[in-house]
Amino acid sequence: MIRVPRSTLALLSSAAMVTATAGAAVAAPGQNRAQLPGSVPSWATAANRQAATAGSSPVDFKVYLDWNNSGQAADYALAASRGQARFLTPSQFRAKFAPSNSQVNAVEQWLQSQGFSVGFVPSNHKYVEATGTVDEASNAFQTDFGQYSVQGKVLRSNSKPLSVPSGLGIDGVLGLDESTALMKSYAAPPGAFVNATPCSSYWGEKTVTSDPPDPKTLPNGVQSLPSDPPDWAPCGYAGAQLQNVYGMGGAIGSKQTGGRGVTVAIIDAYASPTAADDLATYSDLHGLPAPSLKEYAAPGTYQRPDNPQHSPSGWSGEEALDLEAVHTMAPGADLVYVGSPNNRQDMDAALNMIVNNNLADIVSNSYGFSGEAVPPGYRKPFNDIAIQAAAEGISLFFSSGDSGDETGGLGGTPTPDWPASSPYVTAVGGTSLGIAEDNSRVFELGWETGKRKLLNNGSWGDANYQYGSGGGTSRFFTQPDWQAGVVPSSIATQYGGPAMRVVPDVSALGDPTTGMLIGQTQTFPDGSTRYSEYRIGGTSLSSPLYAGMFALVVEQTGRMGLPSPALYATANGTTTYDVQQPTGSDPTGAVRPDYVNGVDGSDGYVYSVRQFDFDTDLTIHVRNGYDDVTGLGSPMGQPWIDALVTWKAAHPG
C-alpha cells in the first residue's frame with residue numbers, strides 16, 4: 001500500500017483545480033535543463049532499494065507534452081460541461097490546444113540524439129513513444145535507476161528527479177519507473193469460480209432456517225448454522241432485476257432499446273478472446289437484445305503484451321463484467337472495447353485513443369491505484385486527456401476503489417484512489433443492495449464489508465474488515481465548485497487548510513455479496529473450458545452500471561461532458577436515493593457459502609457472514625446527505641433522468 005508523507009504535499013488553489021504538483025518543469029540553476037517535479041515515486045526510497053538496474057535493460061516510455069494554454073483548456077472543458085460553451089470536435093480541440101508539429105519534432109529530435117528510437121505519436125500530439133536502454137535513459141534524463149521492493153514486487157525506478165532540456169514543453173515521462181505495475185483491476189476473480197449453494201434468486205427467498213445447508217458440508221462437526229442473520233446471499237442479480245430496482249424499466253422499454261444512439265466505451269488491459277461470444281450468450285440468457293460491440297487495440301509501436309507483473313487472464317472477468325453491466329442498463333447502446341496490451345502507461349493511451357478519435361459518448365473505467373500516491377508526473381498527463389474528453393462532451397466514469405479508505409481498518413494514512421480522485425472524472429462508489437421478488441428495492445446500504453467466519457463451536461466469530469467502497473478526501477485537488485455547499489465541511493477540510501475534493505461522487509450496486517450475475521468462459525481445474533455464470537461485485541460493477549444508466553440520459557440530451565456539475569445540481573430526495581446508515585428494519589448481513597476450491601464441493605465448504613456497513617475502524621462513513629462512501633447516492637429512475645434532461649435544456653452550450 002503506497003503512502004504519501006503529509007510533509008510532501010503541497011496545495012494549489014485554482015479555478016481549474018489542477019494537481020498540486022502539476023508536472024511543470026522547474027529550471028535547474030545554471031543549466032538549460034529543468035527537473036520534472038514529482039518524477040520519483042514515493043516508494044523509491046533508500047530503504048526499499050534492492051539493487052541497481054542493469055544498464056542494458058530495455059525501457060519503453062512515453063514523453064507527454066503539455067497542452068498549449070493548458071489553463072484555458074481546463075477552463076473551456078469545465079465551461080462546456082456546465083453548458084456555458086459548445087463542445088468541440090477532436091480537430092477543433094487540437095487546433096486550439098494541441099502541441100504543434102514543431103514542438104513534437106523538437107522532442108523527437110532530442111530523444112533520437114540521446115540514442116532512443118522514436119515510435120507512435122497520436123494526432124493530438126499528447127505524447128511521443130520512445131524505447132532504449134536504462135543506460136541511455138540515465139544519461140538523457142540525468143538520473144540513475146534501481147530495483148525497489150514495493151507491495152511484494154520488485155520494480156524499477158529512477159532514484160533522482162528526471163531532468164529534461166528546458167523549452168521542450170515536456171509535461172511528464174511515463175514508463176521509466178514501473179509504478180503502473182501497481183495498477184489493478186477491481187474485479188478479477190482468480191481462476192475459475194462457481195457460486196456455492198444455497199443462494200437466493202432475490203433477497204429473502206431463502207433463509208438459513210427455510211433452506212439449511214446439508215449438514216455434511218459443515219466443518220468441524222458443526223450441526224447447524226446460527227439463524228442470525230437469517231438470509232442467504234443472493235446468487236447474483238441480472239437483467240430486469242437491475243433495470244427495475246433503479247427504476248429504469250420505462251426508459252429502457254419493453255423492446256430493450258434504451259440508450260439507442262449512444263456509444264459507451266470500456267477500457268481494460270488485454271482482451272479476452274471470448275468476450276464477444278460471452279456477451280452474446282449472456283444477453284440471450286437474460287432477455288437482452290443482441291449487443292452491438294466493436295473491439296479495438298490501443299495504439300502504439302512499442303507494446304509488450306507479456307507484462308510480468310500481471311496475467312492477461314486476470315482481466316478477463318473485468319472485461320466480461322464491464323460489458324455485461326453496461327449492456328444490462330443500456331441494452332440499446334453501442335459498445336466499444338479498447339484493450340491495452342498491458343496495464344502500464346498504455347491504459348492512458350487507450351483512453352487518449354477514445355477521446356482523440358471521438359469513439360464514444362461515455363467511458364467507464366474499472367481500474368486504478370491503491371491511493372493517490374502515484375508519481376505526480378502521472379497525474380497531469382491523465383488530467384489533460386480527461387480535460388480533452390470533457391471539452392468534447394465525453395463523460396468519464398471511474399470506479400472509486402474496493403478498499404475503503406485504504407487503511408484496512410488498521411490505522412495508517414487514509415486516501416481515496418487515483419484516478420477516481422481526479423476532479424475531471426465522476427467517481428462511482430458502491431452499495432449493498434437487496435432486490436425483492438417484484439424487483440423493488442428492499443434496502444440499499446453503503447458497501448463496507450465485515451467478514452465473520454464460522455467457528456468450531458458453531459457460532460460466528462468477530463467481524464474483520466474485508467473490503468468496501470473506496471472514498472475519502474483528496475490531498476492533491478482542491479474542492480470543485482459543484483461540491484461546495486453539498487459536501488460537509490467536516491469532510492472536505494478534515495486535513496486543515498482549504499476545502500478539498502472528496503470521493504466518490506455517486507454510487508450504485510457494488511457489494512459482491514449482493515452482486516451481479518455475470519457470464520464468462522472459464523477454464524476449470526479438470527482442463528475443461530466452458531461458459532459459466534457467477535456472482536461478482538466491486539466498484540468495477542458500480543461504474544459500468546452507472547455509466548449504462550447515464551446513457552439513458554444522453555440518449556435524450558446529447559453529450560453531457562463531465563457529468564458532475566449536473567449530477568450535483570439535480571440531486572435531491574426525488575431524483576437520487578440517499579444511502580443512509582442501517583436502521584432497525586435493515587438486514588445486518590448475509591450468510592455466504594463458498595467452495596474451498598472455488599468450483600465445487602469436493603474439497604469442502606466454508607461459511608461466513610458478510611456484515612453490511614462495517615465501517616467501525618474506517619475514516620469514511622455513510623451519512624445523511626452526501627457522504628464519502630456513496631457520494632450523492634444512486635439513481636431513482638425517471639425522476640433522475642427527467643431532472644438531468646431539464647438541467648441540460650437550461651444549459652445547452
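Colleague: Two strands pair if DSSP finds at least two bridges between them. In this predicted model, how many bridges join β4 to β6?

Modeller: The model is predicted, and β4 belongs to an open sheet of four strands with antiparallel pairing. In the strand order β5-β6-β4-β10, β4 stands beside β6. P58, for example, has T133 in β6 as its bridge partner. The strands β4 and β6 run antiparallel, and the number of bridges that join them is seven.

Colleague: Which are the edge strands of that sheet?

Modeller: The order of the open sheet is β5-β6-β4-β10. An edge strand here pairs on one side only. That description fits β5 (117-118) and β10 (170-174).

Colleague: Which residue of β6 meets the side chain of K62 in a salt bridge?

Modeller: The structure holds 16 salt bridges. In one of them, K62 takes part with an N to O distance of 3.7 Å, where the cut-off is 4 Å. K62 lies in strand β4 (residues 58-65) and its partner in strand β6 (residues 127-133), so the pair ties together parts that are 67 residues apart in sequence. The partner in β6 is E129.

Colleague: Which residue in the loop between β5 and β6 has a positive phi?

Modeller: The residue is other than glycine, and its phi is near 60°. Its place is in the loop between β5 and β6. The residue is H125.

Colleague: At about what angle does α10 run to β10?

Modeller: Helix α10 covers residues 376-392, and β10 covers 170-174. The helix lies across both β4 and β10. Its angle to β10 is about 110°.

Colleague: How are α1 and α10 placed to each other, and what is the handedness of their crossing?

Modeller: The axes of helix α1 (residues 70-81) and helix α10 come within 8 Å and cross at roughly 45°. The two helices are therefore oblique to each other. Their crossing is left-handed.

Colleague: Which residues of α10 meet α1?

Modeller: On the side of α1, the residues are S70, A73, A74, Y76, A77, A80 and S81. The contact of α1 with α10 divides into eight nonpolar, two polar and one charged residues. On the side of α10, the residues are K380, I387, A390 and A391.

Colleague: How are α12 and α14 placed, roughly parallel or oblique?

Modeller: Helix α12 (residues 539-557) and helix α14 (residues 638-650) have axes 9 Å apart and pack at an angle of about 45°. Angles under 35 degrees would count as roughly parallel. The angle here makes the placing of α12 to α14 oblique.

Colleague: How many nonpolar residues does the contact of α12 with α14 have?

Modeller: The two helices meet in a right-handed crossing. From α12 come Y546, M549, F550, L552, V553, Q556 and T557, and from α14 come Q638, W640, I641, L644, V645 and K648. By class, three residues of this contact are polar and one is charged, while the number of nonpolar residues is nine.

Colleague: How many charged residues are in the contact of α7 with α8?

Modeller: Helix α7 (residues 275-285) and helix α8 (residues 316-329) pack at an angle of about 40°, with axes 10 Å apart, which makes α7 oblique to α8. The crossing is right-handed. A275, D278, L279, Y282 and S283 of α7 make the contact with E319, L323, E324, H327 and T328 of α8. Beside four nonpolar and three polar residues, the number of charged residues is three.

Colleague: In the open sheet of three strands, which residue in β8 stands opposite F145?

Modeller: This sheet has the order β3-β7-β8 with antiparallel pairing. Its edge strands are β3 (49-52) and β8 (153-158), and the twist averages 30° from one strand to the next. Strand β7 (residues 145-150) is joined to β8 by six bridges. The residue in β8 opposite F145 is N158.

Colleague: Which residue is joined to W418 by a cis peptide bond, and which to V503?

Modeller: For W418, omega is about 10° and the partner is P419, which lies in the loop between β17 (395-399) and β18 (426-435). The partner of V503 has its place in the loop between β23 (500-503) and β24 (506-509), and the omega of that bond is near 0°. The two partners are thus P419 and P504.

Conventions
Residues numbered from 1 in each chain as written. Predicted model: local features only at pLDDT ≥ 70, side-chain atom pairs only at ≥ 80, totals over all residues. Heavy atoms only, no water. Axes fitted to C-alpha atoms, helices over the stretch in contact; angles between N-to-C directions. Parallel < 35°, antiparallel > 145°, perpendicular 65-115°, else oblique. Left-handed = near helix turned anticlockwise from the far one by under 90°. Contact = heavy atoms within 4.5 Å. Nonpolar A, V, L, I, M, F, W, Y, C, P; charged D, E, K, R; others polar.
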